[in-house]
Amino acid sequence: MVEKMKAPTDAAGESRPDIDLDAAVIVALGCNDKGDWSSCVEALEAALARFRAEGVDVLARSSWWSSQAWPDPTDPPFLNGVAVVSTAHDAPTLMRTLGRIEDLFGRVRTARNAPRTLDLDLIAYGRLSGDLNGLILPHPRAADRLFVMGPLAEIAPGWVHPVCGGLAKDLAERAGVGRDARPLPH
């Protein structure tokens with residue numbers, strides 16, 4: 001039986017049938033160090049607002065999800081979310097743009113997985129797959145992270161992973177990392 005693909009929704013739950021999931025550009029956002037902001041929620045909202053100035057339009061976005069830091073749960077907890085975006089940037093240019101936004105938000109790269117003011121990951125760029133001069137698409141660890149697949153399944157449950165073929169909603173159910181991730185109450 002072939003499941004009918006459900007149209008993506010925005011954060012308010014409004015249907016977005018105009019979004020082509022096969023061409024979807026998906027960005028994950030995370031924060032566990034509020035930096036100069038009053039909260040991680042404020043920092044993430046400001047990051048989404050900054051996207052437009054960088055040539056990236058947000059078509060749909062998840063709610064914010066809370067989870068323990070990974071791999072060190074003694075670090076501050078994370079807030080994560082996912083956005084489906086539209087851009088004229090190619091994948092490498094978009095990745096550089098995301099890095100520039102992280103820098104603007106005070107991201108300092110110290111130890112791997114250290115607390116950060118903003119973490120932006122390019123999860124998928126349409127159906128592209130493989131190593132694009134060091135940029136690996138789709139993101140090689142996203143499918144196993146509930147704090148990525150949960151928010152994605154919230155807005156685009158019918159998105160199909162370009163390599164493993166799993167639906168976002170099924171990948172969220174099977175994700176092994178970040179099993180404590182939950183959406184913030186509205």
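**Group meeting: a walk through the sheet and helix H1**

Hi everyone, let me start with a single residue: Ala47 has a relative accessibility of 0%, so Ala47 counts as buried. Before I go on, please keep in mind that what you see on the screen is a predicted model.

Where does Ala47 lie? Ala47 is part of helix H1. Leaving aside neighbours within four places in sequence, Ala47 is in contact with Leu29, Phe105 and Leu118. For those of you who like distances, take Ala47 and Leu120: the two are 73 residues apart in sequence, yet their C-alpha atoms are 9.3 Å apart in space.

Let me zoom out to the chain for a moment. There are four helices and eight strands, and along the sequence they follow the pattern β-α-β-β-β-α-β-β-β-α-α-β. The radius of gyration is 15 Å, close to the 16 Å that the globule rule gives for 186 residues, so the chain is as compact as a globular protein of that length. If you set up a box along the principal axes, the C-alpha atoms fill roughly 50 × 35 × 30 Å.

What share of the 186 residues is buried? Buried residues come to 48% of the chain. The accessible surface is about 9100 Å², and carbon and sulfur atoms hold 53% of that area. If you count the contacts with a separation of 6 or more, 65% of them come from residues 24 or more positions apart.

Back to helix H1, then. H1 covers residues 40–53, which makes 14 residues. From the first C-alpha to the last, H1 reaches 21 Å, close to the 20 Å expected at 1.5 Å a residue.

Which residues of H1 are buried? They are Cys40, Ala43, Leu44, Ala46, Ala47, Leu48 and Phe51. A reminder that helps when you look at that list: an α-helix has 3.6 residues a turn, so residues three or four places apart point the same way. The buried residues of H1 pack against S1, S2, S4, helix H2 (91–104) and strand S5 (119–125). Just after H1 comes Gly55, with a positive phi of about 80 degrees.

Now for the strands, beginning with S1. S1 spans residues 25–31, and seven of its seven residues are buried. Side chains in a regular strand alternate between the two faces of the sheet. In S1, Val25, Val27, Leu29 and Cys31 point one way, while Ile26, Ala28 and Gly30 point the other way, and all of these are buried.

Which strands pair with S1? One of them is S5: S1 and S5 are antiparallel and share six bridges, with Val27 opposite Leu122 in S5. Another is S4, which pairs with S1 in the antiparallel sense over seven bridges. Two of the positions to look at here are Val25, whose bridge partner in S4 is Val85, and Ala28, which stands opposite Val82.

S4 itself deserves a stop. This strand runs over residues 78–87, and nine of its 10 residues are buried, so to speak mostly covered. Besides S1, strand S2 (residues 56–61) is joined to S4 by five bridges, and the two run antiparallel. You can find that pairing on the screen by looking for Val56, which stands opposite Thr87 in S4. Strand S3 (residues 65–67) is also antiparallel to S4, with three bridges between them. There, the bridge partner of Ser66 in S4 is Leu79.

My last stop is a charged side chain, Arg107, in the loop between H2 and S5. Is Arg107 buried or exposed? Its relative accessibility is 15%, and the cut-off for buried is under 20%, so Arg107 counts as buried. A polar atom of the Arg107 side chain lies 3.3 Å from the backbone oxygen of Leu118. Setting aside neighbours within four places in sequence, Arg107 is in contact with Glu102, Arg116, Thr117, Leu118 and Asp119.

You may recall Leu118 from the start of the talk, where it was among the contacts of Ala47. Leu118 is also in contact with Arg107, and that brings us back to where we began. Thanks for listening!

Notes. Residues numbered from 1 in each chain as written. Predicted model: local features only at pLDDT ≥ 70, side-chain atom pairs only at ≥ 80, totals over all residues. Heavy atoms only, no water. Buried < 20%, exposed > 50% of the residue type's maximum accessible area, 1.4 Å probe, protein only. Pairing = 2+ DSSP bridges. Expected span 1.5 Å × (residues − 1). Contact = heavy atoms within 4.5 Å. Rg over C-alpha atoms; globule rule 2.2 N^0.38 Å. Areas by Shrake-Rupley, 256 points an atom, 1.4 Å probe, with all protein chains shown as cover. Polar contact = N/O pair within 3.5 Å; in protein donor to acceptor, adjacent residues only side chain to side chain.
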